[in-house]
Amino acid sequence: MPLPPASGTGRYFAKAAKSIRLVRHGCTNRPFFHISVTHRKRTTTQPVIEQLGSFDPMPNAFNEKLVALNLERLKYWLGKGAHVTPPVGELLGLSGFFPIHPRSYMTAWRNRQAEELAQQKEAEKASATAS
Amino acid sequence: MISQNSLLKRTLPIVLQSAGAHRKPRWLPVAKSKIYRIPKRPEIIDEERLELLRINNNYHTQMRAIRRFYHEEMIKEKSTLESASSEMSIRVEADEWERCIKVNEEWNAKVAAEREERRKVELAAREEHILGRMQVKDQKLAERIEKAAEEIRNQKELSTTFITPETLEEAIDRALANPKDYNYAIDLQGNQIAGRETPIPVKEKAASTA
């Protein structure tokens with residue numbers, strides 16, 4: 001069964017709750033996401049209402065993870081009362097369209113803590129070998 | 001999605017592959033090996049929990065404001081669109097339309113001039129190409145005609161020696177007067193000895209063998 005087309009073929013119901021979410025469109029070992037609007041109760045394999053952007057989570061040759069956003073349509077759908085899922089919220093926060101997502105802060109401080117811990121351990125090891 | 005009808009009318013078995021979550025169905029019971037397993041809860045420090053609560057609350061408050069802002073903007077836009085059908089806006093739109101048409105005509109004229117130039121060049125190139133081909137064809141035809149003329153000339157020269165009904169008797173007489181024997185023999189050395197009546201040169205042979 002082929003994946004549903006990129007945009008615009010999903011049935012639209014005005015009163016159903018919408019969700020702006022990531023839809024995986026890559027293949028095995030190569031993730032690639034579309035940022036799409038769908039009904040909240042639809043699965044990610046069903047046709048979407050509209051595609052709003054794309055997200056490539058694998059860093060390219062310049063160590064960049066590329067995100068494309070259609071901000072005009074994003075504003076339109078937010079005005080319509082669409083919900084935003086946490087991963088998309090994080091991306092929008094990093095792009096400056098939304099405030100920074102709490103999860104971004106959390107991952108940042110946890111990474112920092114882990115790094116500090118690793119450095120401490122290394123220093124201890126170095127001191128142990130010196131003595 | 002594949003329609004039910006096409007599935008029923010299929011001639012070959014189809015392997016369907018669906019991309020999605022591969023999980024145990026919800027109604028299956030807990031596996032026996034996992035029945036008393038209690039997953040470990042994540043340990044969150046009190047300080048971190050309070051911080052998370054604070055930033056989450058902030059985030060949700062800000063998000064509510066943003067969402068309300070876009071919702072109100074959408075309503076405003078809708079109302080302005082509805083009020084845009086006044087006489088003033090119609091005149092503005094008509095002017096805009098006129099301007100657009102003018103620009104479009106300018107572009108069309110420019111593109112038409114460019115196209116005319118390009119077509120002239122293309123036509124000249126095509127004419128040259130066709131003329132070249134015609135020349136080559138003419139040359140080939142002339143060559144063929146010359147070759148045929150040469151052949152005819154040769155045949156005419158040969159035709160003086162042909163045997164005609166008038167010269168037939170003479171030719172027969174000549175043939176009878178000069179009989180030719182086409183038979184020949186070959187000895188072991190490969191020497192041809194022409195004629196049926198020619199004596200074998202025994203002496204020569206003996207000399208060669210000796």
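Before reading any helix pair I fixed the convention that axes are lines fitted to C-alpha atoms, for helices over the stretch in contact, with angles running from 0 to 180 degrees between N-to-C directions.

Entry 1, confidence. I am working with a predicted model, and I noted its scores as ipTM 0.88 and pTM 0.55. For chain B, I found an average pLDDT of 87, with 85% of the residues scoring at least 70. Among the elements of chain B, I read the highest mean pLDDT, 96, for helix 3 (residues 87–158) of chain B, and the lowest, 56, for helix 5 (residues 202–209) of chain B. I kept in mind that where pLDDT is low, the predicted coordinates should not be read in detail.

Entry 2, layout of chain B. I looked up the secondary structure of chain B and found five helices and two strands, which follow the pattern α-α-α-α-β-β-α when read along the sequence. I then checked burial and saw that 0% of the 210 residues of chain B count as buried.

Entry 3, helix 2 of chain B. I tested the length of this helix: at 1.5 Å a residue, its 37 residues should span 54 Å, and the end C-alpha atoms of helix 2 of chain B are 54 Å apart, so the two values agree. I also recorded that helix 2 of chain B is hardly covered, the count of buried residues among its 37 residues being zero.

Entry 4, helix 3 of chain A against helix 2 of chain B. I found that the axes of helix 3 (residues 102–130) of chain A and helix 2 (residues 46–82) of chain B come within 9 Å and cross at roughly 150 degrees. Because angles over 145 degrees count as roughly antiparallel, I entered helix 3 of chain A as roughly antiparallel to helix 2 of chain B. I listed A:Pro102, A:Tyr105 and A:Met106 on the chain A side of this contact, and B:Leu52, B:Ile55, B:Asn56 and B:Tyr59 on the chain B side. By class, I noted six nonpolar residues, one polar and no charged ones in the contact of helix 3 of chain A with helix 2 of chain B.

Entry 5, helix 1 of chain A against helix 2 of chain B. I read an angle of about 95 degrees for the packing of helix 1 (residues 71–79) of chain A and helix 2 of chain B, with their axes 7 Å apart, and I therefore entered this pair as roughly perpendicular to each other. I found the contact made by A:Lys75, A:Leu78 and A:Gly79 of helix 1 of chain A, together with B:Arg67, B:Tyr70, B:His71, B:Glu73 and B:Met74 of helix 2 of chain B. I noted that the residues of this contact divide into three nonpolar, two polar and three charged.

How values were computed. Residues are numbered from 1 along each chain as its sequence is written. Chains are lettered from A and ligands numbered from 1 in the order in which they are written. This is a predicted model: local features need pLDDT of at least 70, side-chain atom pairs count only at pLDDT 80 or more; totals for chains, interfaces and linings use all residues. Angles under 35 degrees count as roughly parallel, over 145 as roughly antiparallel, 65 to 115 as roughly perpendicular and the rest as oblique. Two residues are in contact if their C-beta atoms, placed from the backbone, lie within 7 Å. Ala, Val, Leu, Ile, Met, Phe, Trp, Tyr, Cys and Pro count as nonpolar, Asp, Glu, Lys and Arg as charged, and the others, Gly among them, as polar. A residue is buried if 20 or more other C-beta atoms lie within 10 Å of its own, exposed if 12 or fewer, and partly exposed in between; C-beta atoms are placed from the backbone. The expected span of a helix is 1.5 Å times one less than its number of residues. pLDDT is the predictor's confidence in each residue, from 0 to 100.
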